[in-house]
Amino acid sequence: MSTRVGIIGCGHRGRAHGEAWNALPGCKVVAVADLDPERRSAVSKALSASDTFGHYRDLLEHARPDIVSIALQPNLRLEVIRKACEAGVRGILVEKPAALGLPEHTLMEEAVRQNGVLCIVNYQTRYLPAWRKLRERVRSGALGRIERILVTSRLVALDQGTHLCDQLYAFAGQELPQAAVGQAWGWREGMHPGPTEMFGSFHFDGGLEAFIRLGPDSPTARFNPAAGALAYQLDVWGEGGHGHVDILEGGRTWIRGLSEWEITNESWTTPGVVPQAQKELSQSLLDALEKPGFEPPCSLRHARASFEMCEALCASALERRKIEWPLPAWEHSPMQALRTLSEQPLRKPW
Ligand SMILES: NC(=O)c1ccc[n+]([C@@H]2O[C@H](COP(=O)([O-])OP(=O)(O)OC[C@H]3O[C@@H](n4cnc5c(N)ncnc54)[C@H](O)[C@@H]3O)[C@@H](O)[C@H]2O)c1
């Protein structure tokens, strides 16, 4: 019997999720939901779904899917995750960032744990070939001991910022840092409300230092304005080499002793690459459902770790001190607290 999938939210992302699920053997999108009739009818047709609903609650009640993909606005996701757990789904793929703050993330984790549901977060850029190949080079030790990582993006903390923290966490071997120091300024409202500009560093066990720079003033954006929203890069330096990945250009790795860079031309714009990444991410949830004990790289727990990194930078900006792990159980999101500060700047006594 095939795995029945429901798509909640029929925007650009919901459609991409649905196409990936339908392309996986043994999976079928059986139902879609969107409050917008034109959107749900177009996506239902494109995905050959047998049932179409307006509100997501009707999809959960009547279609009884095994898996749901949640691709609606971030402020609604906690409620949908809770309802999906109550409806008896086995797996959830939720768009990133799963939550707008750590307290909300904790509530999501509790909901899935209490109901025995597996949940992964849509960090599909992990599966892009250039990033993956460089990570494999790092993991195999080809670059020697890793000393420094730098990630930059044009978009703000909760947009590509969470993709980048997630990549940074992956390149650091899925280990949390020991400490973070950050600064943040400006504020951008919208779907992902957060600081416009962010800068910070993370200190890891073993001496690895990682640096992050996000926002329209970041060098990635200023030196490559043509890249638009997709200006997003990572560099990693080890004792034995250097790797660079650019989401639009692919990757290159130099290893001590080699006379040439190893080049990966496949990038975000190469036909088929993005759908394949989405498929592999979705497959990781199916694998986890079949193989007890297997934790997908983009599990809710791992997604929390990279979200903690974002929040720690914001807490450091607010408190003007180094933030160390384990983080305190903040009642409110430090990132969202920065909104108030951006509206009422501190009176300068100097
Ligand atoms: N992983 C990535 O690279 C990536 C890229 C872009 C966006 N995103 C995330 O994906 C999310 C979705 O992106 P999008 O561009 O498809 O968004 P979108 O706003 O175009 O689509 C969301 C849809 O959800 C529907 N919706 C809202 N409430 C609903 C309800 N109660 N029941 C049923 N449907 C409901 C809306 O009508 C809308 O059509 C964004 O919020 C963003 O956080 C992720």
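Which polar side-chain atom lies 2.6 Å from an oxygen atom of the ligand? In this predicted model, that atom belongs to His192, whose side chain makes this polar approach to the ligand oxygen. Two further approaches involve the protein backbone: a polar backbone atom of Tyr56 is 3.2 Å from a nitrogen atom of the ligand, and a polar backbone atom of Asn122 is found 3.4 Å from a ligand nitrogen. The ligand taken alone would expose 860 Å², and the protein buries 83% of that area.

The wider surroundings of the ligand can be described next. The ligand sits in the largest pocket, and 24 residues are counted around the ligand, of which Asp34, Arg39, Arg77, Met191 and His192 come nearest. Sorted by class, this shell consists of 10 polar, 8 nonpolar and 6 charged residues.

It remains to place the ligand within the overall architecture. The domain assignment divides the protein into domain 1, which covers 3–122, and domain 2, which covers 126–350. The C-alpha centres of these two domains are 25 Å apart, and the contact between domain 1 and domain 2 takes 34 residues from the former and 33 residues from the latter. Because both domain 1 and domain 2 give residues to the shell around the ligand, the ligand lies between them.

Definitions and conventions. Residues are numbered from 1 along each chain as its sequence is written. This is a predicted model: local features need pLDDT of at least 70, side-chain atom pairs count only at pLDDT 80 or more; totals for chains, interfaces and linings use all residues. Side-chain values use heavy atoms; hydrogens and water are left out. A residue is near a molecule or strand if one of its heavy atoms lies within 4 Å of it. A polar contact is a pair of N or O atoms within 3.5 Å; within protein, one must be able to donate a hydrogen and the other to accept it, and residues adjacent in sequence count only if both atoms are side-chain atoms. Accessible areas come from the Shrake-Rupley method with a 1.4 Å probe; for residues, only the protein chains shown count as cover. On a 1 Å grid over the protein atoms alone, a cavity is a set of points where a 1.4 Å probe fits but cannot get out, and a pocket is an open set with protein on both sides within 12 Å along at least five of seven lines; lining residues have an atom within 4 Å of a point. A molecule sits in a cavity or pocket if more than half of its atoms lie within 2 Å of its grid points. Ala, Val, Leu, Ile, Met, Phe, Trp, Tyr, Cys and Pro count as nonpolar, Asp, Glu, Lys and Arg as charged, and the others, Gly among them, as polar. Domain bounds come from an automatic or database domain assignment. Contact means heavy atoms within 4.5 Å.
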